[in-house]
Amino acid sequence: MSISLILVPLAVATVAAAHAATADRDGDGRVVCQVQTRMRDETLLAAALRDTGAAVTAATDEITADWAGVRAGFLRGPDGIWTAHLSGEVDEGRAVEIVRSVDAAYGRQVQGAVLERLRAQAPAAGLRLESEQVTEDASVRLVFAVQERDR
C-alpha cells in the first residue's frame, strides 16, 4: 500500500511548493508514512502535538508523539524542516487526519506566539492595545492606539 500526501500550509501556499509524502511498510508489516512539513520551531511543534492529544517526548532534533495506536517520529533535517514518520494503526485517512490536526495546531501556536510578541512590544513602540477580538474563523483583530510621548 502506498500513501501520498501533499501539505500546503496556508501561510506558504502561494509562495512555496509542497513536499511530498510517501508510505511503505516497516519490518513488522505496519504502514509507515513519511511527511515533509514546513514546521520549523521545535517548541511550537511540541506544543502543537500536545494540543492534538499526543504524549510528546522531545530530544535534540527529534520529537516523538504517541496517540492511540499511532506513533510519529519527527526528525529535523539539515534544512531545519521536520520530517514526520508515522507508524502503527495508520492508513491514508488517519495519516491525513493527524497531519491536518497537527498543522492546524501548529498554526494556532504560531498565531499565539505572534500575538504575545505584539502585546509585549507595543508599549516600546508607543502603542497601547485598545481592543482585541477573536472572529469566527479564529483570526484575531488587535486595535492599537498611538500614545503621545513625553517631549
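**Group meeting: a walk outward from Val102**

Okay, let me start with one residue. Leaving out anything up to four places away in sequence, Val102 touches Met39, Leu45, Ala48, Leu49, Thr52 and Trp67. Keep those names in mind, as several come back. One caveat before I go on: this is a predicted model.

So, the overall picture. The protein chain has two helices and eight strands. Reading from the N terminus, the order is β-β-α-β-β-β-β-α-β-β. There are 151 residues in the protein chain, and 32% of them count as buried. The accessible surface of the chain is about 9500 Å², with 49% of that belonging to carbon and sulfur atoms. And if you take contacts between residues at least 6 apart in sequence, 42% of them join residues at least 24 apart.

Now, the core. Which residues of the largest nonpolar core touch the most other members? That core has 23 residues, and the ones in question are Leu45, Leu49, Ile63, Trp67, Phe74 and Val102. As for where the core comes from, α1, β4, β5, β6 and α2 are the elements that give two or more residues to it. As a general point, nonpolar side chains in soluble globular proteins tend to be buried together.

Let's stay with α1, residues 42-51. Buried in this helix are Leu44, Leu45, Ala46, Ala47, Ala48 and Leu49. What lies over them? The cover for the buried residues of α1 includes four strands, β3 (55-59), β4 (62-67), β5 (70-76) and β6 (82-88), plus helix α2 (92-121). Look at both ends of α1, too. At the start, a side-chain oxygen of Asp41 comes to within 3.0 Å of the backbone nitrogen of Thr43. After the helix you get Gly53, which has a positive phi, near 90 degrees.

Back to two of the Val102 neighbours. Met39 sits in the loop between β2 (31-36) and α1. Is Met39 buried or exposed? Buried, because its relative accessible area is 4%. Its contacts, again without neighbours within four places in sequence, are Leu45, Gly80, Ile81, Trp82, Val102, Asp103 and Tyr106. And here's a distance to check on screen: Met39 and Val110 are 71 residues apart along the chain, and their C-alpha atoms are separated by 9.9 Å.

The other one is Thr52, in the loop between α1 and β3. Which side chain does Thr52 join through a polar contact? Trp67, at 3.1 Å. Beyond four places in sequence, Thr52 touches Trp67, Ser101, Val102 and Ala105. Recall that Trp67 is also one of the core residues I listed as touching the most other members.

One more threonine, then. Thr64 lies in strand β4. Thr64 counts as buried because its relative accessibility is 17%, and the cut-off for buried is under 20%. Outside the four-place window, Thr64 touches Ala55, Val56, Thr57, Arg71 and Ala72.

Let me jump to the C-terminal pair of strands. β7, residues 127-134, and β8, residues 140-146, pair in the antiparallel sense over seven bridges. If you want to follow the register, Ser131 has Val143 in β8 as its bridge partner, and Gln133 has Arg141. Between the two strands of this hairpin there are five residues.

Last topic, backbone angles. Most residues other than glycine have a negative phi. Where do we find positive values here? One is Ala138, in the loop between β7 and β8, with phi near 75 degrees. Why does Ala138 count as partly exposed? Because its relative accessible area is 39%, and partly exposed runs from 20% to 50%. Another is Asp61, with a positive phi of about 60 degrees although it isn't a glycine. Asp61 lies in the loop between β3 and β4, and it is partly exposed as well, because its relative accessible area is 35%.

That's my tour. To end where we began: Val102 touches Met39 and Thr52, and Met39 and Thr52 sit in loops next to α1. Rotate the model around Val102 and have a look for yourselves.

How values were computed
Residues are numbered from 1 along each chain as its sequence is written. This is a predicted model: local features need pLDDT of at least 70, side-chain atom pairs count only at pLDDT 80 or more; totals for chains, interfaces and linings use all residues. Side-chain values use heavy atoms; hydrogens and water are left out. Buried means under 20% relative accessible area, exposed over 50%, partly exposed in between (1.4 Å probe, protein chains only). Contact means heavy atoms within 4.5 Å. A polar contact is a pair of N or O atoms within 3.5 Å; within protein, one must be able to donate a hydrogen and the other to accept it, and residues adjacent in sequence count only if both atoms are side-chain atoms. Two strands pair if DSSP finds at least two bridges between them. A nonpolar core is a set of buried Ala, Val, Leu, Ile, Met, Phe, Trp, Tyr and Cys residues joined through side-chain atoms within 4.5 Å. Accessible areas come from the Shrake-Rupley method with a 1.4 Å probe; for residues, only the protein chains shown count as cover.
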